Amino acid sequence: MNGPLVVVGDALLDRDVDGTVSRVCPDAPVPVLDERTATDRPGGAGLAALLAAADGGEVALVTALADDAGGARLAELLTGAGVALYPMRLPGATAEKIRLRAGGQTLLRLDRGGDPQQPGEPSQAVRELLGRAGAILVSDYGRGLLRQPTLRAALAEATAPVVWDPHPRGPAPVPGTRLTTPNLDELRRVTGDAGGGSPLTTATRAGQELRHRWRVGAVAVTMGPDGAVLCHGGATPLVLPPSSVPEHVDDTCGAGDRFAAAAALALGDGAPIAEAVRAAVEAASAYVAAGGAAGLRREHEPAPRDPARAAEDLIAAVRADGGTVVATGGCFDILHAGHLSTLRAARRLGDCLVVCLNSDASVRGLKGPERPVNPAEDRARLLAALDCVDAVVVFDEPTPHQVLARLRPDVWVKGGDYGDVELPEAELVRRWGGRVVTVPYLSGRSTTGTISAARQRGLHLVRTVV
């Protein structure tokens, strides 16, 4: 496929709280859940992107993210799975779906986030991404992203094949959509078909009606264990059953996302519609047989929450007050006057300063086996003690790209004179409308120079004593 698979849609944060029930609440006839574990994962379009990225290809997600802890957690999970994130601004709070579970059964689902809010404008980077996509999967979860006029116009202008996974509360696909993938219940709700006759009859009748109404190339109606019915230009629909059906199904959550993602990937590779839908049926069937979302929880256990959550809460509070978030990064192995000059200049550019600090392993990879001189814990404590630093986040990667995608600062600051050189982080920061700036570097101060000078003085003292 020439270009990435671009997933566009509403991302949610799903959380599964698993525990045990051994008693009933004394003040109400309800079970008491004793929590044992809590697992976060991307939901909605985020899950579709996660499943597509598991196939090993290049996957990018265009979604709206709120400036809160939930949005930061979503960004962390997605970028950690290898998904390139292109966020649009989302007023309000992140939509969360929290499932309380015991013994493999869901007892209650708690939804957070309130009513959908109108997202901000897509950046130029988003429009350019859609223009170079190899395939586009629209994963509509009915929260309003796909009604954004500029985004819809960019989707309509895209030359890549578009697969549209609709939602009854969402808008119609843009003209030129190659394939849309409603399930049977969604199809009935969208068309108003009461469902007279067998499911196959309903899927055929309503699928053809929807294809003409929306003027899309084809409609693939997903029918659970019965596979899919493809309504296309011919008079006779194509029924595509799975090659095998599992005897026991634990969790089908995400099967529709797996189906749509597989169809989009196949179309991006040049497959005809029928072959793409056949591949999608097999992919969704294998996903369900492996346990669906329950299997995904077992295979992709996310890392526990780290101290960076304090930085995320700080950022959310600053943005809630309309403030500007500034970030900078580096090894800061031996703090010197040059560091202090850069940090103070950076802090004056906004309302809080977050320092992204290279971990010990990251410093060794960049500077060699003899560095760092000071461990990350000590470096972080010294930085946090400075009045110009509001938070410190340690990262393990060679570059700060992943932590930047998670925090999304308004301003990214580098110390030094880079002239006309494009900083490697610039393209990433521009995705969410951020700016990259440099501040003057205090001449003659560097960690490497400090270490070298200390070693020379030590050698001189040894020679003098001898």
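# A guided tour, helix by helix

Start by selecting residues 124-131 and residues 149-157: these are helices α3 and α4, whose axes lie 9 Å apart and meet at an angle of about 20°. You are looking at a predicted model. Because angles under 35 degrees count as roughly parallel, α3 and α4 are roughly parallel to each other. Their crossing is right-handed. To see the contact itself, show the side chains of V126, R127 and L130 on α3, together with T150, L151, A154 and L155 on α4. Colour this set by residue type and the contact of α3 with α4 splits into five nonpolar residues, one polar and one charged.

**Zoom out for a moment**

Display the whole protein as a cartoon. Its secondary structure comes to 16 helices and 18 strands. Of the 466 residues in the protein, 51% are buried. Take the contacts between residues at least 6 apart in sequence: 69% of them join residues at least 24 apart.

**Into the cores**

In soluble globular proteins, nonpolar side chains tend to be buried together. Which residues touch the most other members of the largest nonpolar core? Select L5, V7, L61, L137, L179, F259 and V277 to find them, within a core of 43 residues. The element that gives the most to this core is helix α7 (residues 255-268), with nine residues. Apart from this core lies another, of 26 residues, and some of its members will be familiar from your first stop: L130, A154 and L155 are among them, as is A160.

Now centre the view on L137. Setting aside neighbours within four places in sequence, L137 is in contact with L5, V6, V7, V8, A48, V163, A260, A261 and A264.

One of those partners, A48, leads to the next selection, helix α1 (residues 45-53). How many of the nine residues of α1 are buried? The count is nine of nine, and the helix is mostly covered. Walking along α1, the buried residues are A45, G46, L47, A48, A49, L50, L51, A52 and A53.

**A second helix pair**

Return to α7 and add helix α8 (residues 273-289). Here the angle is about 145°, and the axes are 8 Å apart. α7 passes α8 in a right-handed crossing. On the α7 side, select A255, R258, F259, A262, A263, A266 and L267; on the α8 side, select I273, A276, V277, A279, A280, V281, A283, A284, Y287 and V288. Colouring these by type gives 16 nonpolar residues, no polar ones and one charged.

**A strand stop**

Next, pick A64, which sits in strand β4 (residues 59-65). Is A64 buried or exposed? With a relative accessible area of 11%, A64 is buried, because buried means under 20%. Looking past residues up to four places away in sequence, A64 touches M88, R89, L90, P119 and L145. Try a distance label from A64 to G144 as well: they are 80 residues apart in sequence, yet 9.7 Å apart in space, C-alpha to C-alpha.

**Around V363**

Move to helix α12 (residues 360-367) and select V363. V363 is buried, with a relative accessible area of 0%. Beyond residues up to four places away in sequence, V363 touches C331, N358, G368, R371, P372 and R379. P398 is 35 residues from V363 in sequence and 7.9 Å away in space, C-alpha to C-alpha.

Two of the residues that V363 touches, R371 and P372, deserve a closer look. Show the backbone here: a cis peptide bond joins R371 and P372, with omega about 5°. P372 lies in the loop between α12 and α13 (376-384).

**Two loops with positive phi**

Finish with a pair of backbone details. First, select F332, in the loop between β14 (325-330) and α11 (337-347). F332 is not a glycine, but has a positive phi of about 50°. At 8% relative accessibility, F332 counts as buried.

Then go to R215, in the loop between α6 (199-214) and β11 (218-222). Phi of R215 is near 55°, again a positive value in a residue other than glycine. Where F332 is buried, R215 is exposed, with a relative accessible area of 69%.

Methods: Residues are numbered from 1 along each chain as its sequence is written. This is a predicted model: local features need pLDDT of at least 70, side-chain atom pairs count only at pLDDT 80 or more; totals for chains, interfaces and linings use all residues. Side-chain values use heavy atoms; hydrogens and water are left out. Helices (H or I, at least four residues) and strands (E, at least two) are DSSP runs, numbered from the N terminus. Buried means under 20% relative accessible area, exposed over 50%, partly exposed in between (1.4 Å probe, protein chains only). Contact means heavy atoms within 4.5 Å. Axes are lines fitted to C-alpha atoms, for helices over the stretch in contact, and angles run from 0 to 180 degrees between N-to-C directions. Angles under 35 degrees count as roughly parallel, over 145 as roughly antiparallel, 65 to 115 as roughly perpendicular and the rest as oblique. A crossing is left-handed if the near helix is turned anticlockwise from the far one by less than a right angle, and right-handed if clockwise. Ala, Val, Leu, Ile, Met, Phe, Trp, Tyr, Cys and Pro count as nonpolar, Asp, Glu, Lys and Arg as charged, and the others, Gly among them, as polar. A nonpolar core is a set of buried Ala, Val, Leu, Ile, Met, Phe, Trp, Tyr and Cys residues joined through side-chain atoms within 4.5 Å.
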